[in-house]
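Subject: Structure handover

Hello,

Here is the structure I promised to pass on to you. Have a look at it first, and then read my notes underneath.

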Amino acid sequence: MSNTGGRRRPPTIHDVAREAGVSRGTVSRVLNGGHYVSPAAQESVNAAIRKTGYVVNRHARSLITGRSDSVGFLLTEPQERFFEDPNFNVLLRGCTQALAAHDVPLLLMLAGTEDERRRITRYITAGHVDGVLLVSSHSGDPVAEELRAAGVPLVACGKPIGLGSKVSYVAADDRDGARDMVRHLLSLGRRRVGVVTGPLDTPGGVERLAGYREVLGEAGVGVDERLVVSGDYSRASGEAGAERLLAQAPDVDAVFVASDLMAQGVLAALQRAGRRVPEDVAVGGFDDSPAAVAASPELTTIRQPWDRISAEMVRVLLAQIGGDDPAAVILPTELVKRDSA
């Protein structure tokens, strides 16, 4: 290779073709999926790419393919929630790693207000990303429907309410996880089991509350509505929820909390009220996020398989970008016993 001003020029597709002993067109076909290329030629081209250090010019390729070769991670929550809730960071890291294996960069997009959602929807539908991983979609949030209607490949984390089979999604089995936790609390001899729900305009909030109600019904305990309070997955809402529970049902002896972060708030409120955990009130969370082991006492909780969720979201999205139909994946949860229950 020639030097210009003492700097080595980057290798080109011509250098790869020359090193592999094939035509430039063959190299181009390998770079665009390997269609109509013999295994021997593909192996030669890949070896030449490694040897020359050739890096794909994404901009040039996007002009040819009409693709951006990037994916958006869209969180439809206020920015402060992204920094407070550890689940979002775990999911983002897992999706980034899964996409890195395909050499696809991930763009983080935060859209917590109506104006932000409008701007980001315009950006996405203009073709700046090839697909979207959508996180925390509330009912009434038009983003999922607008992206679907625009033909943008989309995979949601959790089943989007109201869209049914129209949108791909990957979810933990929220209802079954909630059932496991409430059964565990009942197995400890607790009979006044309260719940701090997640937001009831999200699939996780709805399904976890449904699981709670089902098990109490099966056990013949019944649901006392004074034991049901709502939260929004934030620590502050867990604290406020526990205070409402103690005021409405002072004989509460266990609480199922629909997220670990909210459970931290519940623990703080119980401590302030002089209730010992688990002696007086057993507490169970949901997620098995870093918040579970940061709590005092450490939380008994329901583990969501975050690594599998992120890997499946990426797999389903890349398949959809490649032309596959929408798909749904539901993954099992696991009860993790620690000190709080």
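Below is what I found, going through the sheets, the helices that pack on them, the cavity and the salt bridges.

Please keep in mind that this is a predicted model.

**The six-stranded sheet**

Let me begin with the open sheet of six strands, whose order is 4-3-5-6-7-13 with parallel pairing. Its edges are strand 4 (106–110) and strand 13 (328–331); each has a single partner strand, so one side of each has no neighbour in the sheet. On average, neighbouring strands here are turned by 15° against each other, direction ignored.

If you walk through the middle of this sheet, you can follow the pairing strand by strand. Strand 3 (residues 71–75) is joined to strand 5 by five bridges in the parallel sense, and G72 sits opposite V132 of strand 5. From strand 5 (residues 131–135), four bridges lead on to strand 6, again parallel; here L134 faces A156 in strand 6. Strand 6 then pairs with strand 7 through three bridges, also running parallel. A156 turns up again at this step, with Y169 as its bridge partner in strand 7.

Helix 14 is worth displaying together with this sheet. Helix 14 lies across strands 3, 5, 6, 7 and 13, and runs at about 165° to strand 6.

**The four-stranded sheet**

A further open sheet has four strands in the order 9-8-10-11, and its pairing is parallel. Strand 9 (228–230) and strand 11 (282–284) are the edge strands; each has a single partner strand, so one side of each is left without a neighbour in the sheet. The average turn between neighbouring strands in this sheet is 15°, direction ignored.

Within this sheet, strand 10 (residues 254–257) and strand 11 run parallel and are joined by three bridges, with V255 opposite V283 in strand 11. Helix 9 (residues 174–187) packs on the sheet and touches strand 8 (193–197), strand 10 and strand 11; the direction of helix 9 makes about 170° with that of strand 10. Helix 12 (residues 260–272) lies across strands 8, 10 and 11 as well, at about 165° to strand 11.

**The cavity**

How many cavities of 30 Å³ or more are there? The count comes to one, and the volume of this largest cavity is about 410 Å³. Its lining is made up of 29 residues, and those closest to the centre are S136, C157, R208, Y233 and W306.

Which elements each supply at least two residues of the lining? They are helix 6 (86–100), strand 6 (154–157), strand 7 (168–172), helix 10 (203–218) and helix 14 (306–321). Strands 6 and 7 are the ones paired by three bridges, and helix 14 is the helix that lies across both of them. By class, the lining holds 14 nonpolar, eight polar and seven charged residues.

**Salt bridges**

Side chains of opposite charge can pair when their charged atoms come close. Over the whole structure, the search gives 25 salt bridges. One of them is between K51 and E19, with the closest N and O atoms 3.2 Å apart. This pair links distant parts of the chain, since K51 belongs to helix 3 (residues 39–52) and E19 to helix 1 (residues 13–20), 32 residues apart.

Happy browsing, and best wishes

Terms used. Residues numbered from 1 in each chain as written. Predicted model: local features only at pLDDT ≥ 70, side-chain atom pairs only at ≥ 80, totals over all residues. Heavy atoms only, no water. Pairing = 2+ DSSP bridges. Axes fitted to C-alpha atoms, helices over the stretch in contact; angles between N-to-C directions. Contact = heavy atoms within 4.5 Å. 1 Å grid on protein atoms, 1.4 Å probe; cavity = no way out; pocket = protein on both sides within 12 Å on 5 of 7 lines; lining within 4 Å. Points joined across faces, edges and corners; volume = space filled by probe spheres on them. Nonpolar A, V, L, I, M, F, W, Y, C, P; charged D, E, K, R; others polar. Salt bridge = Lys/Arg side-chain N within 4 Å of Asp/Glu carboxyl O.
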